[in-house]
Amino acid sequence: MKLHALTAALLLCCPFAQAKKAPQAVTAVDPEVAIAGGRIPLLQGDISIDGKLDDAAWQGALVQEIAYEIQPGDNSPAPVKTTVRIGYTADALYVAFHALDTDPSRIRAHLGDRDTAFNDDWVGVFLDTFNDHRRGYELVVNPLGVQADLIRDETNADNQEDPSWDGMWQSEGQRTADGYDVEIRIPFSTLRFPAGGGNQHWGISLFRSWPRDKRHQLASHKVPRDSKCFQCEWGQYEGMAGAHQGRNLEVVPTLTVGKTQTRDTAAARWDSEKTNIEPGLDVSWAPSPAMTLNATLNPDFSQIETDQLQLNFNDGFALFYQEKRPFFLEGADYFSSQFNVLYTRQIADPDFGLRVTGRTSSGAYGAIVARDATTLLLVPGVQGSAFEQLDQKASVVVGRYRHDFNKQLSVGVIGTFRRGDDYANNVAGVDARWQQGPHTASAQFLHSQSEYPASIVDGYKDELGNDATPSGNAWRAQYAFSNRNWNLTAWHMAISPGFRADLGFMGQVGYEKSLLGGGHNWYRDDKAFNRINVYADFDITHRFDGQLLERELEGKVNVQGPMQSGLTLHALTRSRFWKGRLFDEHYADFSGSFRPLGNVQVGMNLQVGTLLDLTAEKTGRRSMLEVFGNAELGRGVALNWDVVLQRMHRDGGIAFTAKVLNAGGSWQLDPHQRLRLTLQGSQIQRDQALYVDTVNQRARDWAAQVVYSYKLNPHTALYAGAAYGAFMDDDHHELFGNTRSVFLKMSYGWQP
């Protein structure tokens, strides 16, 4: 359902070749090529990246085979044959895949935007260029040549695959009578690896995704089910002596032009803002293969993709939205730690930014310096949080370093520092991670010191006191055990009332929490329902003064089955503190998704139980239904939808009803052109008779955005779009349009 879940075992497959001047059938692969690893040779002659494996130079490449099914099979023989050829020239790595299929008519291949092909058949190559089992590149191509690329971070248990990285590389694919072929060229200037020009030693995984009734994941190497490090299982390759990275310089000028109109009532005239014309410049330079410098002036941080609409009318905490701005996305994994102390959307409107990221022989480092035109911060609490903004500029500095003592133990430090006129927030800390066999232990300690103006103190004084210069600590320690069938986790965390991480996303402070949980996996490789997982945990949370905030017990059963289905039954019961009282909550929910057709996915979440209405300070019977899905129509048309309905029954009536719609579609006209439409809407109704305090009884809004894009590559692109929004509430009884805008964005990636 989520991108990282769909790509948790990205697959890479390899093709074989024919001579260009004298085409010939490729003979059967020698059994030795099924052993992942070897020496990558220097190719003799040119290769044209056109998806046709007929260049004579391929005959001198290293031949490999994707021989194993690692999911759902347990390192069983691959059900389809995939042959790969690998070689290099002075400036690039070349990979070719010849993917046979027992029924080529069932191959799934659609034109789409970058990073959208994960539901298709695809092949991919994963590269651990420092061979340290920490950070890797994942490059994936579908049968039509559509690209997807990710950064893999083995040290990040929450998000090991990050699709925000967009490398500069070439690929083409074509369907054949017996399957499909793919060619890939990866310039060495796109990758980072040890300097010196000598022989390279890389970990490489070749994968293929073969989605049919189940999603079969095929690899060039075995992966034990009890492995805690997928990257550690990759094949060992050497060669590529003299690999040349070129100047490693890219300059990307940008120009954004936009105009917005708003109005407060349906009868009012549209108020036009001045046309906004913003030139900008991004520069990326790698002075060495292990270091990258980025600079941006007047950066274009306009969003060409709308945020997913969310509602938190019955939740006191601020909502989290993913970062989508290119400058902050690239290299974001260098700054990750156990606590979310860097949430770059807090750097709201920077005038400039500088970033350095790199690797050493025993670790990794990153730093960011920026000047923000405004100061946005998340004001935390014990039972709620909210965003506030100061009308002042702020200087921002972030630093992160991780030292790897060996492949099992790493220790890191992190610091975030922001200062304005009468405001400051400084956070510094240390963290460690150890992993050996089935055992993993991790810990982090942070300390903060802050200074706030009166307007911010007013936001937290009721729960946390009125100290304008709070300081405090946050720490977390965790142990996890996981083998083929069993898993166990135990952790404890404590955040003092004075702790603040204004550049992060830590909306709750002044509490401590402990959790103990575990589960069991059953594998049934030859059965329709091939995997069953049972999990349960217990957690307890106390306020800093000892008051019980939450005591919770939950359990779930997950089953994977035919039509790529996943079914989960979950139940929870808890005691919850709110406004001086403890309330009992309990509910059960069922979620599931499956593919009735290869190009259509549908799913639902259903939840029913007794939950708290925060505004009324009463419990009621709350039901929630979510229906979601996506469909691929033809080669280039895609649709998606997500509809959520919530309803609260209590005191003989319906206290509230809430509906949310997120839907859209796209039409990929050709590999470069795309037209996308996004529709969003929400509606809330409350019954005033069931509330003591005055509430907004009805609210409704909807918005639409249409965007045309033409992309030659990730950095040379044109976008043109328009948006329209409307709303109504108790003060505006009729739905009316209140905002409309148009924009044009252009960027050009120049590599001198």
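**Note on a predicted model: cores, rings and charged pairs**

1. Arg674 and its surroundings. Leaving out residues up to four places away in sequence, Arg674 touches Asp113, Ser666, Trp667, Gln668, Leu669, Val707, Tyr708 and Ser709. The model is a predicted one, and every distance below should be read with that in mind. Arg674 belongs to strand E39, which covers residues 673–686. With one of its neighbours, Asp113, Arg674 makes a side-chain polar contact of 3.1 Å. Is Arg674 buried or exposed? Its relative accessible area is 14%, and buried means under 20%, so Arg674 counts as buried.

2. Asn662, another polar residue. Asn662 is found in strand E38, residues 653–668. Its relative accessibility is 8%, so Asn662 counts as buried. The side chain of Asn662 is joined to that of Gln680 by a polar contact of 3.2 Å. Asn662 can also be compared with Ala703: the two are 41 residues apart in sequence, and their C-alpha atoms are 9.9 Å apart in space.

3. The largest nonpolar core. In soluble globular proteins, nonpolar side chains tend to be buried together. Here the largest nonpolar core has 36 residues, and Ile40, Leu93, Leu127 and Trp202 have the most contacts inside it. Which elements give two or more residues to this core? They are strands E5 (82–88), E6 (92–100), E7 (122–128), E8 (135–141), E12 (179–187) and E13 (200–211). Apart from this core lies another, of 28 residues, including Phe339, Val457, Tyr460 and Met506.

4. Leu93 as an example from the core. Neighbours within four places in sequence are again set aside. Among the residues in contact with Leu93 are Ile40, Leu127 and Trp202, which are also listed with Leu93 as having the most contacts inside the core. The other contacts of Leu93 are Ile86, Gly87, Tyr88, Ile184, Arg185, Ile186, Phe188 and Met240.

5. Aromatic pairs. A pair of aromatic rings is described by the distance of the centres and the angle of the planes. The whole structure has 18 aromatic pairs. In one of them, Phe126 and Phe230 meet edge-to-face, at 6.4 Å centre to centre and with 75° between the planes. Phe126 is in strand E7, while Phe230 is in the loop between strand E14 (215–219) and strand E15 (235–239); this pair links distant parts of the chain, 104 residues apart. Phe126 and Phe230 are both buried. They also belong to one aromatic cluster with Phe207 and Trp234.

6. A further aromatic pair. Phe188 and Trp202 are likewise edge-to-face, with 6.5 Å between centres and 80° between planes. Phe188 sits in the loop between E12 and E13, and Trp202 in strand E13, 14 residues apart. Both residues are buried, and both are in contact with Leu93.

7. Arginines over rings. Where does Arg476 lie with respect to Trp491? Arg476 is over the face of Trp491, at 4.4 Å from the ring centre. Arg650 lies over the face of Tyr691 in a similar arrangement, at 4.8 Å from the ring centre.

8. A salt bridge between distant residues. Side chains of opposite charge can pair when their charged atoms come close. The structure holds 33 salt bridges. One of them joins Asp404 and Arg134, whose closest N and O atoms are 3.3 Å apart. Asp404 is in strand E24 (residues 394–404) and Arg134 in the loop between E7 and E8, so this pair ties together parts that are 270 residues apart in sequence. Asp404 and Arg134 are both buried.

9. Salt bridges of Arg152, and a network. Arg152 forms a salt bridge with Glu154, at 2.9 Å from N to O. Arg152 also forms one with Glu161, where the closest N and O atoms are 3.4 Å apart. The relative accessible area is 2% for Arg152 and 4% for Glu161, and both residues are buried. Glu154 is buried as well. Elsewhere, salt bridges that share partners join Glu550, Glu552, Arg574, Arg576 and Glu585 into one network.

Methods. Residues are numbered from 1 along each chain as its sequence is written. This is a predicted model: local features need pLDDT of at least 70, side-chain atom pairs count only at pLDDT 80 or more; totals for chains, interfaces and linings use all residues. Side-chain values use heavy atoms; hydrogens and water are left out. A nonpolar core is a set of buried Ala, Val, Leu, Ile, Met, Phe, Trp, Tyr and Cys residues joined through side-chain atoms within 4.5 Å. Buried means under 20% relative accessible area, exposed over 50%, partly exposed in between (1.4 Å probe, protein chains only). Helices (H or I, at least four residues) and strands (E, at least two) are DSSP runs, numbered from the N terminus. Contact means heavy atoms within 4.5 Å. Rings of Phe, Tyr and Trp (its six-membered ring) pair if their centres lie within 6.5 Å; planes under 30 degrees apart count as stacked, over 60 as edge-to-face and the rest as tilted. A charge sits over a ring if NZ of Lys or CZ of Arg is within 6 Å of the ring centre and within 35 degrees of the ring normal. A polar contact is a pair of N or O atoms within 3.5 Å; within protein, one must be able to donate a hydrogen and the other to accept it, and residues adjacent in sequence count only if both atoms are side-chain atoms. A salt bridge is a side-chain nitrogen of Lys or Arg within 4 Å of a carboxyl oxygen of Asp or Glu.
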